[in-house]
Amino acid sequence: MKVHKHFRKRVGKDVFFLSISIDSNVDTPEVLTGYREAFDRPWTGWYHLTGDYDEIESLRWLLGVYDEDPVVDADKTEHAGIVT
């Protein structure tokens, strides 16, 4: 939220935040909507996304947000917020 506040005048115009689920079986669009509604935050320019597992995996590797150790990478508890 600090980064979002820092860029507040540019968020939604030329700065966007994407939170991409790595567990689309759990994080359905309805669950992500509920998450957003549960917190009174300015979500302008901040999108919570989910989708097909293979597409998310491809995107993670394309963006370089993976761990080179396959055991660590497979552990969903090891995935934290990453700014790319």
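Q: How many Å² does the protein expose, and which atoms supply 56% of that area?
A: Welcome! This is a predicted model, and in it the protein exposes about 6700 Å². Carbon and sulfur atoms supply 56% of that area.

Q: What does the secondary structure of the protein come to?
A: There are four helices and two strands. Starting at the N terminus, the elements follow the order α-β-α-β-α-α. The C-alpha trace spans about 40 × 25 × 20 Å along its principal axes.

Q: What share of the 84 residues is made up of buried residues?
A: Buried residues account for 20% of the 84 residues. To earn that word, a residue must have under 20% relative accessible area.

Q: Why is R60 called buried?
A: R60 has a relative accessible area of 7%. The cut-off for buried is under 20%, so with 7% R60 counts as buried. R60 lies in helix α3. Leaving aside residues up to four places away in sequence, R60 touches I22, V65, Y66, D73 and H79.

Q: How do you know that the side chains of R60 and D73 meet in a salt bridge?
A: The N to O distance between their side chains is 2.8 Å. A salt bridge needs a side-chain nitrogen of Lys or Arg within 4 Å of a carboxyl oxygen of Asp or Glu, so the R60 and D73 pair qualifies at 2.8 Å. R60 lies in helix α3 and D73 in helix α4 (residues 70-74), so this pair ties together parts that are 13 residues apart in sequence.

Q: Is D73 buried or exposed?
A: D73 is buried, because its relative accessible area is 10% and the cut-off is under 20%.

Q: What makes the pair R60 and E57 a salt bridge?
A: Their side chains meet at 3.0 Å, N to O. The limit is within 4 Å, so this pair counts too. Both residues lie in helix α3 (residues 53-63), three residues apart, which is about one turn of the helix. R60 and E57 are both buried.

Q: Which residues are linked in a network of salt bridges?
A: The network links E57, R60 and D73. R60 meets E57 in one salt bridge and D73 in another.

Q: How many salt bridges does the structure hold?
A: The structure holds three salt bridges. One of them joins the side chains of R10 and D14 at 3.3 Å, N to O. With a limit of 4 Å, the distance of 3.3 Å is within the rule, so the name fits.

Q: Why does R10 count as partly exposed?
A: The relative accessibility of R10 is 41%. Exposed means over 50% and buried means under 20%, so 41% falls in between and R10 is partly exposed.

Q: What makes R8 count as exposed?
A: R8 has 59% relative accessibility. The cut-off for exposed is over 50%, so R8 passes it. R8 sits in the loop between α1 (2-6) and β1 (17-20). The C-alpha atoms of R8 and G34 are separated by 23 Å, with their places 26 residues apart along the chain.

Q: Why is R41 called partly exposed?
A: Its relative accessible area is 36%. That value is neither under 20% nor over 50%, so R41 is partly exposed. R41 belongs to the loop between α2 (29-38) and β2 (46-49). From R41 to V72 the C-alpha distance is 32 Å, and the two are 31 residues apart in sequence.

Q: Why is H48 called buried?
A: H48 has a relative accessible area of 17%, which is under 20%, so H48 is buried. H48 is placed in strand β2. Not counting residues up to four places away in sequence, H48 touches S19, L32, Y35, R36 and W43. H48 and L32 are 16 residues apart in sequence, and 6.5 Å separates their C-alpha atoms.

Q: Which residues make up the largest nonpolar core?
A: The five residues are V11, V15, F17, W43 and W46. In soluble globular proteins, nonpolar side chains tend to be buried together. F17 touches V3, H4, V11, G45, W46 and Y47, again not counting residues up to four places away in sequence.

Q: How many positive and negative side chains does the protein have?
A: There are 10 positive and 16 negative side chains. The centres of the two sets lie 18 Å apart.

Methods. Residues numbered from 1 in each chain as written. Predicted model: local features only at pLDDT ≥ 70, side-chain atom pairs only at ≥ 80, totals over all residues. Heavy atoms only, no water. Buried < 20%, exposed > 50% of the residue type's maximum accessible area, 1.4 Å probe, protein only. Core = buried A, V, L, I, M, F, W, Y, C linked by side-chain atoms within 4.5 Å. Contact = heavy atoms within 4.5 Å. Areas by Shrake-Rupley, 256 points an atom, 1.4 Å probe, with all protein chains shown as cover. Lys, Arg positive; Asp, Glu negative; His and termini not counted. Charge placed at Lys NZ, Arg CZ, Asp CG, Glu CD.
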